[in-house]
Amino acid sequence: MGEDGSTAGVRATGGCECGGVRYRVEGALRDVVHCHCEPCRRITGHHMASTAASVDDVHFESDVTLGWYQRTPGTRYGFCTTCGSTLFWSAADKADMLSIAAGTIDQPSGLLAVLAIYADEASDFHRLDSTIQTFGRDWPVDNMSWSSPGGEA
Ligand SMILES: [Zn+2]
């Protein structure tokens, strides 16, 4: 955990493959949403499996290699400019939340995949998980526990 030995309030730590980006989350993490939209599919090489946190709860221990791909005026993806790891997604209209690529969280994450969205854009090789709720573009945006997943705004 933290090099100062203090782990109070830390829900999770994580980072990219090379360590250029390291973060900790001091607050709640949302369960994992699989976003199969085409941009997430291409950027991740499969799909975006993202948790999310209040942006105020995410603290960077290192962000020297953090880059942002501004995909649309309102949405952007965070990645490591050295190792290429997909790290974050955020939307301007939900700027208080930061989606975090769940695979970048140090294990065990204690998270559960609960939802798949944009399933109609999933790769043809992917086997959708019949044990979690699955939606196409009409996913329930009003459910706060599912707010701010990766994907198009
Ligand atoms: Zn890296």
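**Note on the salt bridges and the S109 loop**

1. R22 counts as partly exposed, since its relative accessibility is 25% and the class covers values between 20% and 50%. This value, like the others in this note, is computed on a predicted model, and the points below should be read with that in mind.

2. The partner of R22 is D106, and the two side chains meet in a salt bridge in which N and O are 2.7 Å apart. The contact links distant parts of the chain, because R22 belongs to strand β2 (residues 21-25) whereas D106 sits in the loop between β9 and β10, 84 residues apart. D106 is also partly exposed, with a relative accessible area of 31%.

3. Which residue lies in the loop between β9 (97-101) and β10 (113-117)? It is S109, and at 13% relative accessibility this serine counts as buried, the cut-off for that class being under 20%. The side chain of S109 reaches the backbone nitrogen of L111, at 3.1 Å. The loop that holds S109 is also the one that contributes D106 to the salt bridge with R22.

4. Strand β2 takes part in a further pairing, for the side chains of R24 and E61 meet in a salt bridge at 3.5 Å, N to O. R24 lies in strand β2 and E61 in strand β5 (residues 58-63), so this pair ties together parts of the chain that are 37 residues apart in sequence. Both partners are partly exposed: R24 has a relative accessible area of 24%, and E61 has one of 42%.

5. Helix α1 (residues 38-44) contains both R42 and E38, which, being four residues apart, are separated by about one helical turn. These two residues form a salt bridge, with the closest N and O atoms 2.8 Å apart. R42 is exposed, with a relative accessible area of 60%, whereas E38 is partly exposed at 33%.

6. How many salt bridges does a search of the whole structure find? The search finds five, among them the R22 and D106 pair, the R24 and E61 pair and the R42 and E38 pair. Salt bridges that share partners also join R24, E26 and E61 into one network, so that the contact between R24 and E61 described in point 4 is to be read together with E26, which belongs to that network by the salt-bridge criterion of a nitrogen within 4 Å of a carboxyl oxygen.

Definitions and conventions
Residues are numbered from 1 along each chain as its sequence is written. This is a predicted model: local features need pLDDT of at least 70, side-chain atom pairs count only at pLDDT 80 or more; totals for chains, interfaces and linings use all residues. Side-chain values use heavy atoms; hydrogens and water are left out. Helices (H or I, at least four residues) and strands (E, at least two) are DSSP runs, numbered from the N terminus. Buried means under 20% relative accessible area, exposed over 50%, partly exposed in between (1.4 Å probe, protein chains only). A polar contact is a pair of N or O atoms within 3.5 Å; within protein, one must be able to donate a hydrogen and the other to accept it, and residues adjacent in sequence count only if both atoms are side-chain atoms.
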